[in-house]
Amino acid sequence: MTALFSSVVLHWWLRRILELGPLVSGALSWFLNQPPEVQQTLLAILEGNWATVTLGTIVTIGGYIWSFISTRRNQVTIDGQQVPLQQIPQKVAVEEIARTAILKRSRTLADLLAEKLGRR
């Protein structure tokens, strides 16, 4: 029995389980939190049953992917233009991030509604 627990192969498998376990549980949790239509679509895509997949659900899944890619991109908005962080000096990037955070924090729900309704 001690030979089994001192085995290099067993230790390797235990390390892989500890590394991959959180990734698998996170993906499973995300999948189970999706609406039933999205779950069915993902299962149909994985099974290769493209005949049952509608265009609307493909667009929805594409929106999820686009949103994920957009949130992973580092960028700063300066005067309405999105500028990658690599193209601007660090001091300017910090100032713009701080200015944007202050502007967003000071706006209330009433300010946002008035802005949307064109009363400002």
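**Entry 1: overall make-up**

I began with burial: of the 120 residues in the protein, 14% are buried. I note here that the model is a predicted one. I then looked up the exposed surface, which comes to about 10,300 Å². Carbon and sulfur atoms supply 65% of that surface.

Next I listed the secondary structure and found six helices and two strands. Along the sequence I read the pattern as α-α-α-α-β-β-α-α.

I also checked contacts between residues at least 6 apart in sequence. Of these, 8% join residues at least 24 apart.

**Entry 2: aromatic pairs**

How many aromatic pairs does a search of the whole structure find? I got two. I wrote down two values for each, since a pair of aromatic rings is described by the distance of the centres and the angle of the planes.

One pair is Trp 12 with Trp 13, whose ring centres are 5.1 Å apart. Their planes stand at 85 degrees, so I entered the pair as edge-to-face; the cut-off for that label is over 60 degrees. I looked up the accessibility of Trp 12 as well, and at 38% relative accessibility Trp 12 counts as partly exposed.

The other pair is Trp 30 with Tyr 64. Here I noted ring centres 6.3 Å apart and planes at 80 degrees, so this pair is edge-to-face too. Which parts does the pair tie together? I placed Trp 30 in helix H2, residues 8–32, and Tyr 64 in helix H4, residues 55–72. The pair therefore ties together parts that are 34 residues apart in sequence.

Are the two residues buried, partly exposed or exposed? Trp 30 has 42% relative accessibility, so I put Trp 30 down as partly exposed. Tyr 64 has 34%, so Tyr 64 is partly exposed as well. The range for this label runs from 20% to 50%.

**Entry 3: the largest pocket**

I turned to empty space. Rolling a probe the size of a water molecule over the atoms shows where empty space is left. The largest pocket holds about 160 Å³ of space.

Which residues line the largest pocket? I listed Trp 30, Leu 42, Ile 61, Tyr 64, Ile 65 and Phe 68. Both members of the pair between H2 and H4, Trp 30 and Tyr 64, are on this list. H4 gives the most to the lining, with four residues.

Last, I sorted the lining by type: six residues are nonpolar, none is polar and none is charged.

Key: Residues are numbered from 1 along each chain as its sequence is written. This is a predicted model: local features need pLDDT of at least 70, side-chain atom pairs count only at pLDDT 80 or more; totals for chains, interfaces and linings use all residues. Side-chain values use heavy atoms; hydrogens and water are left out. Rings of Phe, Tyr and Trp (its six-membered ring) pair if their centres lie within 6.5 Å; planes under 30 degrees apart count as stacked, over 60 as edge-to-face and the rest as tilted. Buried means under 20% relative accessible area, exposed over 50%, partly exposed in between (1.4 Å probe, protein chains only). On a 1 Å grid over the protein atoms alone, a cavity is a set of points where a 1.4 Å probe fits but cannot get out, and a pocket is an open set with protein on both sides within 12 Å along at least five of seven lines; lining residues have an atom within 4 Å of a point. Grid points are joined across faces, edges and corners, and a volume is the space filled by probe spheres set on the points. Ala, Val, Leu, Ile, Met, Phe, Trp, Tyr, Cys and Pro count as nonpolar, Asp, Glu, Lys and Arg as charged, and the others, Gly among them, as polar. Contact means heavy atoms within 4.5 Å. Accessible areas come from the Shrake-Rupley method with a 1.4 Å probe; for residues, only the protein chains shown count as cover.
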